[in-house]
Amino acid sequence: MGAIGQESSTLHFPALQPPHRYLFGPGPSMVHPRVYEALAKPIVGHLDPYFIQVMADVQQLLKTTFGTNEGATLVISGTGSAGMEAAVANFVEPGSTLAVFANGYFSDRLTEMARRNGANVVRFEKPWGDTFTDYEVREFISREKPKVVAYVHAETSTGALQPGQAICAAAHDAGALVIADCVTSLGGVPVEFDQTGIDIAYSCTQKGLSCPPGLSPMAMSPGAMDWLRARSTPSRSWYLDLKLIHDYSTVSHRYHHTAPISMFYALREALLVIAEEGIENRWERHRRCHKSFVKGIEAMGLRMHVPEEHCIATLNTVRVPEGVDEAKVRKRLLDGPGIEIAGGFGPLAGKVFRIGVMGPLATDDNVQFFLKEFKKALSA
């Protein structure tokens, strides 16, 4: 015992000193300084009246960010994938048909979760980066007659933005609910939950909201809430049971789980930063920076992977030029100016750079700084 104690007492770990990075990847994004300050605030208990009010504040602020007046908002204690799994586990019953618009990695993840929950999954597949036309949407949903339809609004793996109005209209005509993956869009790109007709949306904290990863904001339409209340079989996931989470966070405040207090502080502050800027001003700032980014990329003789009308303003996929090793470019950026970007994966491995321009980095000066360093790394 003594020997073990002596050995452990000599161990030395240096103080945490993370390197300075410019997070120009697809996420996590840069965190606003006020959010870091909120993380340092003293915690209270997860049933404390103060924390209950923090949850209520977050739910109210999320309404503006999602674009909903009537919908219910809540937050899952888990990353965006927990929000995805909560949507699937609560609204896709065993044996029911889920129609998935499959054009990237995260539609594949939706598919896998649904199959594990016992769903009959039907997929409309397109190459990674393509989007679906209104006609294709109506024809597919009319033919398959699903109970639930799922699509990825902003596909992180490809940079493609899928409009949802036609999907939601066709699904509702067929009596189906609609799940929308808004992980990469919320806070930087208009989601417009009510206007689009979405029933269940989930997102994350570490992209357009400029907050650390760890929570998954959700929104549910009145129709989705009615469906949830009427569901007779329990969700296969106890931890992600939205009836229980909604009751804890909104109704009785009875204990369900120990929520991560500091992350709720952080999310509340991040949403306040957005509210003070104004959500439409924030969208416009990201649109402006995206256009400036694309102009600079094209001036280098490079091409975007997705047509401009379907690009995500906060996440750009740039084609890797012939003869360029994208991994070496990324390493040079990281080792030099400390810029992080990502490469492609799946069918796009080695073919695209994935470059996020979101949150605090979405300014004219930061875009020009990135373009200058990117050009040097490519030339090298």
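1. On the surface of this predicted model, Trp238, Tyr239 and Leu244 form a nonpolar patch with about 310 Å² of accessible area together. A patch is made of residues with over 30% relative accessible area and no salt bridge, where nonpolar side chains (Val, Leu, Ile, Met, Phe, Trp, Tyr) are joined within 5 Å and like charges within 9 Å. A salt bridge here is a side-chain nitrogen of Lys or Arg within 4 Å of a carboxyl oxygen of Asp or Glu, and accessible areas come from the Shrake-Rupley method with a 1.4 Å probe, with only the protein chains shown counting as cover for residues.

2. Leu244, one of the patch residues, has its place in helix H10, which covers residues 242–251; helices (H or I, at least four residues) and strands (E, at least two) are DSSP runs, numbered from the N terminus. Leu244 has a relative accessible area of 33% and is therefore partly exposed, given that buried means under 20% relative accessible area, exposed over 50%, and partly exposed in between (1.4 Å probe, protein chains only).

3. Which residues of H10 are buried? They are Leu242, Ile245, His246, Asp247, Tyr248 and Ser249, and they pack against helix H3 (49–66), strand E2 (72–77), helix H4 (80–91), strand E10 (215–220) and helix H9 (222–230), where contact means heavy atoms within 4.5 Å.

4. Both ends of H10 deserve a look. At the N-terminal end, Asp241 caps the helix, with a side-chain oxygen lying 2.9 Å from the backbone nitrogen of Lys243, while H10 is followed by His253, whose phi is positive, near 65 degrees.

5. Turning to the whole protein, there are 14 helices and 14 strands. The radius of gyration, taken over C-alpha atoms, is 22 Å, close to the 21 Å that the globule rule gives for 380 residues, so the protein is as compact as a globular protein of that length; the rule is 2.2 Å times the number of residues to the power 0.38. The C-alpha trace spans about 65 × 60 × 45 Å along its principal axes, and buried residues make up 56% of the 380 residues. Among contacts with a separation of 6 or more, 71% are between residues 24 or more positions apart.

6. Is Asn316, in strand E11 (residues 315–319), buried or exposed? Asn316 counts as buried because its relative accessibility is 1%. Its side chain makes a polar contact of 2.7 Å with the side chain of His290; such a contact is a pair of N or O atoms within 3.5 Å, and within protein one must be able to donate a hydrogen and the other to accept it, while residues adjacent in sequence count only if both atoms are side-chain atoms. Leaving out residues up to four places away in sequence, Asn316 touches several others, including Phe293, Met304 and Phe353.

7. Some loop residues have backbone angles to check. The peptide bond from Gly27 to Pro28 is cis, with omega near 5 degrees, and Pro28 is found in the loop between strand E1 (22–23) and helix H2 (33–39). Ser210, which is not a glycine, has a positive phi near 55 degrees, and with a relative accessible area of 4% Ser210 is buried.

8. A word on conventions: residues are numbered from 1 along each chain as its sequence is written, and side-chain values use heavy atoms, leaving out hydrogens and water. Since the model is predicted, local features need pLDDT of at least 70 and side-chain atom pairs count only at pLDDT 80 or more, whereas totals for chains, interfaces and linings use all residues.
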